[in-house]
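Visitor: I'd like to go through this one with you and ask how each label is earned. Can you put it up?

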Amino acid sequence: MNVIVVGGLGQLGRALMAVLAARGHSAVVWDMPEVNITLPAVADAVVAARPDALINAAAWTNVDAAESNPQSTYAVNALGPRWLAEGCERVGAQMLQVSSNEVFAGQPGRFYFENDPMQPGGAYARSKAAGEAAAAAACRRLIVARIAWLFGPGGVNFPTKIAEAADKHGALRVIDDEYGNPTYAPDTAAAMVRLLEIGRAGNFHLVNEGMASRYTFAQAVLAGSGRAYVPVTPIAAAEYQRAAPPPLHAVLVNQAAAALGITLRPWQDALREYAATLPAPNPVLPGNAS
Ligand SMILES: NC(=O)c1ccc[n+]([C@@H]2O[C@H](COP(=O)([O-])OP(=O)(O)OC[C@H]3O[C@@H](n4cnc5c(N)ncnc54)[C@H](OP(=O)(O)O)[C@@H]3O)[C@@H](O)[C@H]2O)c1
């Protein structure tokens, strides 16, 4: 396949490029500043490029900053997918739109299946839900792939932040009543490419098996990166002020992809592999703190 990876320089985009190359597909990166998906002309650019498939991994991903920039967020996360989908439809290409667990309300105790109704809360979540809907309205060969707590090589993510904070502070306080699915970029990228190869449209949840609280995720990061000595205190989400409070239990179930034989390994196994690549512990010594 000839594939365009929009947002190909991002955390997920890089993993997608690696998987596509490994599976013998030819892929090109479209990213800022050369390609800006908020511009309607990007649809014509897709038509001119005539790809077999396009993956949109570009997004406004700063969830808290989205609250004070809802228009810019909407332009990237909702209008962008619309223009890309229009271009794909005009040349009969498949499109894979990457979306988020945050499109769901995340009610405590609930688990979300692929066709459950969306109920987004904040500006980022609303823009991602609108992006799904806009792409679905424009492109018949659309795959929506929802993922959750993404981590992978080259990214700034929860594990890198936990390791850095552990070295800086020597002790951590981490939320234990927010649950989600840790999602390893190389694993979900492989699943996305597999879906394109199969060519079945629809909604899919491509997260690693199992769920975690932020607290258990952090403990696994510390254990896997040689920082098990760092004490972690569990706290409630209500104690941690954020501009965009996240859904507390937007836990995804992979039912549709599993029916096609696509499952991802347990997140603990993926994290073990990744955590071993994090920088070795480098605690800030008393009196040296910056
Ligand atoms: N990270 C998570 O935990 C998470 C969780 C659930 C879902 N997701 C979804 O997963 C996807 C990938 O996330 P990620 O963490 O890999 O994101 P990322 O590392 O922030 O990469 C996104 C890429 O999109 C580019 N981009 C932003 N605005 C653009 C525009 N107007 N036109 C073209 N490119 C633009 C960015 O360029 P600049 O860097 O120059 O802005 C960046 O290279 C997104 O759809 C995100 O919503 C992520």
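Visitor: Why are helix 4 and helix 5 called roughly parallel to each other?

Guide: Bear in mind that this is a predicted model. The axes of helix 4 (residues 70-91) and helix 5 (residues 123-138) cross at roughly 15°. Angles under 35 degrees count as roughly parallel, and therefore helix 4 and helix 5 get that name. Their axes come within 8 Å, and the crossing of helix 4 past helix 5 is right-handed.

Visitor: Which residues meet where helix 4 contacts helix 5?

Guide: On the helix 4 side they include Y74, A78, P81, R82 and E89, and on the helix 5 side Y124, K128, G131 and A135 are among them. By type, the residues of this contact divide into 11 nonpolar, four polar and four charged. Gly goes with the polar group, so G131 is not part of the nonpolar share.

Visitor: Over to the sheet. What makes strand 2 and strand 11 edge strands?

Guide: The open sheet has six strands in the order 2-1-3-4-6-11, with parallel pairing. Strand 2 (26-30) and strand 11 (202-205) each have a single partner strand, so one side of each has no neighbour in the sheet. From one strand to the next, the twist averages 20°.

Visitor: How do you know that strand 1 and strand 2 pair?

Guide: Pairing takes at least two bridges. Strand 1 (residues 2-6) and strand 2 have five, in the parallel sense, so they count as paired. For a spot to look at, find V5, which sits opposite V29 in strand 2.

Terms used
Residues numbered from 1 in each chain as written. Predicted model: local features only at pLDDT ≥ 70, side-chain atom pairs only at ≥ 80, totals over all residues. Axes fitted to C-alpha atoms, helices over the stretch in contact; angles between N-to-C directions. Helix = DSSP H or I, 4+ residues; strand = E, 2+ residues; numbered from the N terminus. Parallel < 35°, antiparallel > 145°, perpendicular 65-115°, else oblique. Left-handed = near helix turned anticlockwise from the far one by under 90°. Contact = placed C-beta atoms within 7 Å.
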